[in-house]
Amino acid sequence: LAASLAPGAPFWAAHGYDVSGRAPPAPFFSYVHELGERAGADGMDQVIAAVHAAAAELWPAVGRATRAEWWAHCRGHRAGHQPHFDSDAEGAGEGGPRHPIASAVVCLSSGGVGGPTLVTTQTSGDDRVGERGWLVEQTRGRLTVFDGRLLHSVVPGRGSAPAGARRTTFMVAFWDAVDVRPGDGP
């Protein structure tokens, strides 16, 4: 997985994702896979099955998920990522936003590149700002799993990092149901 999503891998160019950081970020894109008996047998289905099993040990409610939505990022050391809620259709829709059961972040890059993931206690329905948060430092292979309703972000990295180093992460949102919309890309 780390090799398939390395900064020079064809995946990024095929999706219009500029890993150099000189161009604006690509529009959000993701893929949805079935879980359980309906899952396929390709390499990505195997990766998702492994993340699903590990996530379910940490967050048992993930075991009831029927679909896994995945996406990836490859960003510079100081890029960060704005605070957001994972949601179906970016929060649009009747009845307000729907959120995954849980979200998972797998760090694919070496430690010391990019800032930590910040997960707060704030949900999209809260009237007040979350009172607590957790910073998860980047360590290659680290799996972070959290309630899919929570506000989270990536804090920009500080200090220097090796030239050309990127914070590469693989994210999976586990859903009991999610609307799948066809895209124009790969």
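**Exercise 1. Find how many bridges join β2 to strand β9, and place the pair in its sheet.**

Step 1. Strands β2 and β9 (residues 166–175) run antiparallel and are joined by 10 bridges. Strands here are DSSP runs (E, at least two residues; helices are H or I, at least four), numbered from the N terminus. Two strands pair if DSSP finds at least two bridges between them.

Step 2. Take one bridge: cysteine 74 has threonine 168 in β9 as its partner.

Step 3. The open sheet has five strands, ordered β1-β2-β9-β4-β7, with antiparallel pairing. Its edge strands, β1 (31–34) and β7 (143–147), each pair on one side only.

The model is predicted: local features need pLDDT of at least 70, side-chain atom pairs count only at pLDDT 80 or more, and totals for chains, interfaces and linings use all residues. Residues are numbered from 1 along each chain as its sequence is written, and side-chain values use heavy atoms, leaving out hydrogens and water.

**Exercise 2. Decide whether arginine 75 is buried or exposed, and trace its surroundings.**

Step 1. Arginine 75 sits in strand β2 (residues 67–76).

Step 2. Its relative accessible area is 19%, so arginine 75 is buried (under 20%; exposed is over 50%, partly exposed in between; 1.4 Å probe, protein chains only).

Step 3. The C-alpha atoms of arginine 75 and arginine 166 are 5.2 Å apart, though 91 residues separate the two along the chain.

Step 4. A polar atom of the arginine 75 side chain lies 3.4 Å from the backbone oxygen of glycine 80.

Definitions and conventions. Polar contact = N/O pair within 3.5 Å; in protein donor to acceptor, adjacent residues only side chain to side chain.
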